[in-house]
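Work through the exercises below with the sequence and the structure in view. Each task is followed by a solution in steps.

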Amino acid sequence: MKGRKLTLALIFMLGLVLTGSLCYRAGRVEGASGGGVPGSAGDPLITKSYLEERLKQVSGGTATGFVRVTLLRGEGIVLDSGSELMLYSGSAAVTGADGLVNLTTGELFKRGNSTVRYNLYLAPANGCGIEADGNVTAYIRGNYRKN
């Protein structure tokens, strides 16, 4: 009786080992091991440096698509419709008949209003922009020209 229990236990263990081996092999055949080419659809994980490089290619040279612009007192920037601006330092007044939309607060800043630092603005039409009250550093995404 004791020998029979031992035999059944060994057969059961052998069955578990064989089942586990078959499951492992099936997973390997189906690609569960992640053997894809790095960066391909089979292996979608990417590195930070790859992402930054790809963003530079897509956005025209910078990782964020923003360009740093420095203005002196009295200088201005005129934006094309759809361009974005963020005032980083200094103070500036809104110019243009249509003003700027403050995307951070959802408000319309009309001509003459002072911009708020670190808020993102959108030009709703061509000819909108800012005029520097002092030295200003701004980041712009989109088409613009200094005046």
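**Exercise 1. The chain as a whole**

What percentage of the 147 residues of the chain count as buried? State also which elements the chain has and how its contacts are spread along the sequence.

Solution. The model is a predicted one.
Step 1. Of the 147 residues, 23% count as buried.
Step 2. The chain exposes about 10000 Å², and 58% of that comes from carbon and sulfur atoms.
Step 3. There are two helices and 10 strands. Read from the N terminus, their order is α-α-β-β-β-β-β-β-β-β-β-β.
Step 4. Take the contacts between residues at least 6 apart in sequence: 71% of them join residues at least 24 apart.

**Exercise 2. A patch on the surface**

Which residues form a nonpolar patch on the surface, and what is their accessible area together?

Solution.
Step 1. The patch consists of F12, M13 and L16.
Step 2. Together these residues have about 350 Å² of accessible area.
Step 3. To place the patch on the chain, take L16, which belongs to helix α1, residues 2-29.

**Exercise 3. The partners of strand β9**

Find how strand β9 pairs with β1 and with β3, then describe the surroundings of T137.

Solution.
Step 1. Strand β9 covers residues 136-141 and is joined to strand β1, residues 67-71, by five bridges. These two strands run antiparallel. In this pairing, R68 is the residue opposite Y139.
Step 2. Strand β9 also pairs with β3, residues 84-89, again in the antiparallel sense and over five bridges. Here E84 stands opposite R141.
Step 3. T137 is a residue of strand β9. Its relative accessibility is 9%, below the 20% limit, so T137 counts as buried.
Step 4. Leaving out residues up to four places away in sequence, T137 touches R68, V69, T70, M86, L87, Y88 and S89.

**Exercise 4. The salt bridges**

How many salt bridges does a search of the whole structure find? For each, name the residues, say where they lie and decide whether they are buried, partly exposed or exposed.

Solution.
Step 1. The search finds two salt bridges.
Step 2. One of them is between the side chains of D80 and R145, with an N to O distance of 3.9 Å. D80 lies in the loop between β2 (76-79) and β3, while R145 lies in strand β10 (residues 144-146), so this pair ties together parts 65 residues apart in sequence.
Step 3. Both D80 and R145 fall between the limits of 20% and 50%. D80 is partly exposed because its relative accessibility is 26%. R145 is partly exposed as well, at 47%.
Step 4. The other salt bridge is formed by E84 and R141, whose closest N and O atoms are 2.6 Å apart. E84 is in strand β3 and R141 in strand β9, so the pair links parts of the chain that are 57 residues apart.
Step 5. E84 has a relative accessibility of 15% and therefore counts as buried. R141 has 32% and therefore counts as partly exposed.

**Exercise 5. Two neighbours in a loop**

Y118 and N119 both lie in the loop between β6 and β7. Which of them is buried and which is exposed?

Solution.
Step 1. The relative accessible area of Y118 is 51%, over the limit of 50%, so Y118 is exposed.
Step 2. For N119 the relative accessibility is 11%, so N119 counts as buried.
Step 3. Check the backbone of Y118: phi is positive, about 70 degrees, although Y118 is not a glycine.
Step 4. List what surrounds N119. Beyond its neighbours within four places in sequence, N119 is in contact with L85, M86, L87, N102, T104 and T105. With N102 there is a polar contact between the two side chains, at 3.0 Å.

**Exercise 6. A glycine between two strands**

Where is G106 found, and is it buried or exposed?

Solution.
Step 1. G106 sits in the loop between β5 (100-102) and β6 (107-109).
Step 2. Its relative accessibility is 61%, so G106 counts as exposed.
Step 3. L120 comes 14 residues away from G106 along the chain, and the C-alpha atoms of the two are 9.9 Å apart.

Methods. Residues numbered from 1 in each chain as written. Predicted model: local features only at pLDDT ≥ 70, side-chain atom pairs only at ≥ 80, totals over all residues. Heavy atoms only, no water. Patch = residues over 30% accessible without salt bridge, like charges linked within 9 Å, V, L, I, M, F, W, Y side chains within 5 Å. Areas by Shrake-Rupley, 256 points an atom, 1.4 Å probe, with all protein chains shown as cover. Salt bridge = Lys/Arg side-chain N within 4 Å of Asp/Glu carboxyl O. Helix = DSSP H or I, 4+ residues; strand = E, 2+ residues; numbered from the N terminus. Buried < 20%, exposed > 50% of the residue type's maximum accessible area, 1.4 Å probe, protein only. Contact = heavy atoms within 4.5 Å. Polar contact = N/O pair within 3.5 Å; in protein donor to acceptor, adjacent residues only side chain to side chain. Pairing = 2+ DSSP bridges.
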